[in-house]
Every structure is written in structure tokens, then in C-alpha cells.
Amino acid sequence: MPSLLFCGPKMAACGIVISIWGVIMLAMLGIFFSAKSAVLIEDVPFTEDDIRNDKNPPQNIYSLYNQVGINCFIAAAIYVAVGAVSLCQVRLNKRQEYMVT
């Protein structure tokens, strides 16, 4: 029977720690971008043409804030998936520890 184990216990534990950190950080960034925090204006991808050619510039910037916030939430979800895979690897490593071959 093929094993689904592809990383060791230390790498799996490291994956869990990094994914927990990534979920917390990206979820907070997503919340702050959705709240349109003025501190994060440098991270919003807009050009001068977006402001000059638009009749209602704040709405365009607000939509860009929302898009970046959604991207942060998507990245946080990917980190949740990586954390789940790492948790499965930890459990498989624990099970293999007790198996006699």
C-alpha cells in the first residue's frame, strides 16, 4: 500500500507553525484592507490614470481596496489548506513511529 507520508516530523511541524502565522497575518491584512485603512494605501495597486480618468475616484480606490482584501482572504485560505496537510503529515509520522515493520 502506498504511503501518503512525504515529509518528516520536523518539516510538518514547521509547516503548521508557518501556516498558523500566515493565516493570522493575512486574515488581519484582509480585514484592514476591507476596512480601507489609510495606512495601507501604498499597497493598493492604482495608477494616476485611475484617478484622473475616473469621475468618482474614491469609489475606484475603494474597489481596489476590496479586491486586495479578497486576495488576502484567499491566500489565508490557502495557508489553512497547507496547515491541514501539515497536520495530516504530523499524524502520519506519529502513526509510523508506532508501526513495526
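**View 1. Residues 68–90, a span that is 100% helix.** In this predicted model, the C-alpha atoms at the two ends of residues 68–90 sit 33 Å apart, and there is 0% strand in between. The label comes from the record: the UniProt entry, which is unreviewed, annotates residues 68–90 as "transmembrane region", and does the same for residues 12–35.

**View 2. Residues 12–35, the other span with that annotation in the UniProt record.** Here the end C-alpha atoms are 34 Å apart. The stretch comes out as 96% helix and 0% strand.

**View 3. The largest nonpolar core, with 10 residues.** Look for Leu-26, Phe-33, Leu-40, Val-44, Ile-61, Leu-64, Tyr-65, Val-68, Cys-72 and Ala-76. Helix H1 (9–34) and helix H3 (57–98) each put in at least two of the core residues. Which helix gives the largest share? That's H3, with six residues.

**View 4. Leu-64 and what it touches.** Leu-64 is one of the residues of the largest nonpolar core. Skip its neighbours within four places in sequence, and you'll find Leu-64 in contact with Val-44, Pro-45, Phe-46 and Asp-50. Val-44 is also listed in that core.

**View 5. Asn-93, a buried residue in helix H3.** Is Asn-93 buried or exposed? Its relative accessible area is 11%, and the cut-off for buried is under 20%, so Asn-93 counts as buried. What does Asn-93 touch, once neighbours within four places in sequence are set aside? The contacts are Leu-5, Cys-7, Gly-8, Pro-9 and Ala-12. Of these, Pro-9 and Ala-12 fall within the range of H1 (9–34).

**View 6. A nonpolar patch on the surface, about 570 Å².** Ile-20, Ile-24, Met-28, Ile-31, Phe-32 and Phe-73 make up this patch. H1 contributes the largest share, five residues, and Ile-24 is one of the residues in that helix. As background, nonpolar side chains in soluble globular proteins tend to be buried together.

**View 7. Lys-36, with a positive phi.** You'll find Lys-36 in the loop between H1 and helix H2 (48–52). Its phi is about 60°, even though Lys-36 isn't a glycine. For context, most residues other than glycine have a negative phi. How exposed is the Lys-36 side of things? With a relative accessible area of 28%, Lys-36 is partly exposed: that value lies between the 20% and 50% cut-offs.

How values were computed
Residues are numbered from 1 along each chain as its sequence is written. This is a predicted model: local features need pLDDT of at least 70, side-chain atom pairs count only at pLDDT 80 or more; totals for chains, interfaces and linings use all residues. Side-chain values use heavy atoms; hydrogens and water are left out. A nonpolar core is a set of buried Ala, Val, Leu, Ile, Met, Phe, Trp, Tyr and Cys residues joined through side-chain atoms within 4.5 Å. Buried means under 20% relative accessible area, exposed over 50%, partly exposed in between (1.4 Å probe, protein chains only). Helices (H or I, at least four residues) and strands (E, at least two) are DSSP runs, numbered from the N terminus. Contact means heavy atoms within 4.5 Å. Patches are made of residues with over 30% relative accessible area and no salt bridge: like charges are joined within 9 Å, nonpolar side chains (Val, Leu, Ile, Met, Phe, Trp, Tyr) within 5 Å. Accessible areas come from the Shrake-Rupley method with a 1.4 Å probe; for residues, only the protein chains shown count as cover. A salt bridge is a side-chain nitrogen of Lys or Arg within 4 Å of a carboxyl oxygen of Asp or Glu. UniProt positions are given in the numbering used here, feature names are shortened, and annotations may be inferred rather than shown by experiment.
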